[in-house]
Amino acid sequence: MTDSKRLRIAVQKSGRLSDDSIALLKAIGVKLSIRDRLLIAHSTNEKIDLLRVRDDDIPGLVMDGVVDLGFIGENELEEKMLERKASGKPADYEVLRRLDYGGCRLSIAVPNEMPYAGVSSLEGKRVATTYPFLLERYFIEQNINAKAVMLTGSVEVAPRAGVADAICDLVSTGATLEANGLEEKEVIFRSKAVLIQRKDSELSDEKQALIERLAPRIDGVLLAKE
Ligand code: PRT
Ligand code: ZN
């Protein structure tokens, strides 16, 4: 159960952002008792409840006002914002802090053997991605007539499977692209984890005061790591 007077924070349950987000909360003095299978975790020393969910759900939970804060990658946040705007849903949020983990880039990569002479080589091509809204925005900006093919996983095998000509996926070390015979050509978005909040006008004074007490501690933690 959650109590509406307690600050609700959404974090990824299990994935690349989970450990760093929990570690940051602990570093700013939020004591947490997390039991692996449970959706909700309570803080034992602050009026805070954690909602542990898939990262895909976090932007919507903040934008719909179900939670007050959320830790999320900017890639996912921007994609969901575009998707929600396109379907007329609320898409407002504020970035409370940009964080120092979850760094990656969303890039277009093509098979090693595909001739590539710049973005115009993508004209008329099918590009597999989990981020169709970011990719289509890029095509429009670049004035390219190409098609984003939505895949929720295994994007890197799409060209070999004959499902697409190229891909647009997250890259950090580049090892996955290399292992799949793909070459990174265009970076379309650079991302890090961020802590977002619902529009502050919608927060109670008590919750706002708690955020104002905790946020400077995040700056302290980030500074100490530099
Ligand atoms: O289950 P849930 O939906 O919560 O998790 P998920 O599988 O959707 O996400 P997860 O945990 O994989 O990633 C969460 C967030 O971490 C992403 O939205 C990014 O903001 C950030 N992040 C940082 C990354 C990467 N780096 C990353 N390298 N997310 C994914 N990758 C994948 C990428 O998709 C590709 O498959 O790693 C592979 C490439 O890595 P390299 O090192 O081989 O280039
Ligand atoms: Zn996800």
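1. Buried residues make up 33% of the 226 residues in the protein chain, a figure that, like the others in this note, refers to a predicted model. The chain has six helices and 12 strands, and its C-alpha trace spans about 60 × 35 × 35 Å along the principal axes. Of the contacts with a separation of 6 or more, 67% are between residues 24 or more positions apart.

2. The domain assignment divides the chain into domain 1 (7-102 + 192-225) and domain 2 (104-191), and the centres of domain 1 and domain 2, taken over C-alpha atoms, are separated by 29 Å. To the contact, domain 1 brings 10 residues and domain 2 brings nine residues. On the side of domain 1 that touches domain 2, the largest share, seven residues, comes from H3, and the residues of that side divide into two nonpolar, three polar and five charged.

3. One open sheet contains seven strands in the order S2-S3-S4-S1-S5-S12-S6, and its pairing is mixed. The edge strands are S2 (32-33) and S6, each of which pairs on one side only. Helix H1 (residues 18-27) packs on this sheet, where it touches S1 (7-12), S2, S5 and S12, and the direction of H1 makes about 145° with that of S1. Helix H6 (residues 205-225), in turn, lies across S1, S6 and S12 and runs at about 30° to S6.

4. Strand S1 deserves a separate comment. Six of the six residues of S1 are buried, so the strand is largely enclosed by the rest of the structure. In a regular strand the side chains alternate between the two faces of the sheet. Both faces of S1 are covered, with Leu 7, Ile 9 and Val 11 buried on one side and Arg 8, Ala 10 and Gln 12 buried on the other; a reader looking at the strand may wish to note that Arg 8 and Gln 12 are among these buried residues. S1 runs parallel to S4 (residues 48-53), to which six bridges join it, and Ile 9 stands opposite Leu 50 in S4. S1 also runs parallel to S5, here joined by two bridges, and the bridge partner of Ala 10 in S5 is Gly 70.

5. Strand S12 (residues 193-197) can be read in a similar way. Four of the five residues of S12 are buried, so this strand too is largely enclosed by the rest of the structure. S12 runs antiparallel to S5 (residues 69-73), with five bridges joining the two; within this pairing, Phe 71 has Leu 195 as its bridge partner, and Ile 72 has Val 194. S12 also pairs in the antiparallel sense with S6 (residues 94-98), over four bridges, and Glu 94 has Gln 197 of S12 as its bridge partner.

6. A further open sheet is formed by five strands in the order S9-S8-S10-S7-S11, again with mixed pairing. S9 (147-150) and S11 (182-191) stand at its edges with a single partner strand each, so one side of each is left without a neighbour in the sheet. The twist averages 30° from one strand to the next. S8 (residues 126-129) and S10 run parallel and are joined by three bridges, and Ala 128 stands opposite Ile 167 in S10. Helix H3 lies across S7 (104-111), S10 and S11, running at about 75° to S11, and H3 is also the element that gives seven residues to the side of domain 1 that touches domain 2.

7. Turning to the ligand, there are 21 residues around ligand 1, of which Gly 15, Gly 73, Cys 104, Thr 173 and Thr 176 come nearest. The elements that give two or more residues to this shell are H3 (74-86), S10 (166-171) and H5 (175-179), and S10 gives the most, with three residues. By class, the shell has five nonpolar, 10 polar and six charged residues. At least three residues of the shell come from each of domain 1 and domain 2. H3 therefore appears both in the shell around ligand 1 and on the side of domain 1 that touches domain 2.

Key
Residues are numbered from 1 along each chain as its sequence is written. Chains are lettered from A and ligands numbered from 1 in the order in which they are written. This is a predicted model: local features need pLDDT of at least 70, side-chain atom pairs count only at pLDDT 80 or more; totals for chains, interfaces and linings use all residues. A residue is buried if 20 or more other C-beta atoms lie within 10 Å of its own, exposed if 12 or fewer, and partly exposed in between; C-beta atoms are placed from the backbone. Two strands pair if DSSP finds at least two bridges between them. Two residues are in contact if their C-beta atoms, placed from the backbone, lie within 7 Å. A residue is near a molecule or strand if its C-beta atom, placed from the backbone, lies within 6 Å of it. Ala, Val, Leu, Ile, Met, Phe, Trp, Tyr, Cys and Pro count as nonpolar, Asp, Glu, Lys and Arg as charged, and the others, Gly among them, as polar. Domain bounds come from an automatic or database domain assignment. Axes are lines fitted to C-alpha atoms, for helices over the stretch in contact, and angles run from 0 to 180 degrees between N-to-C directions.
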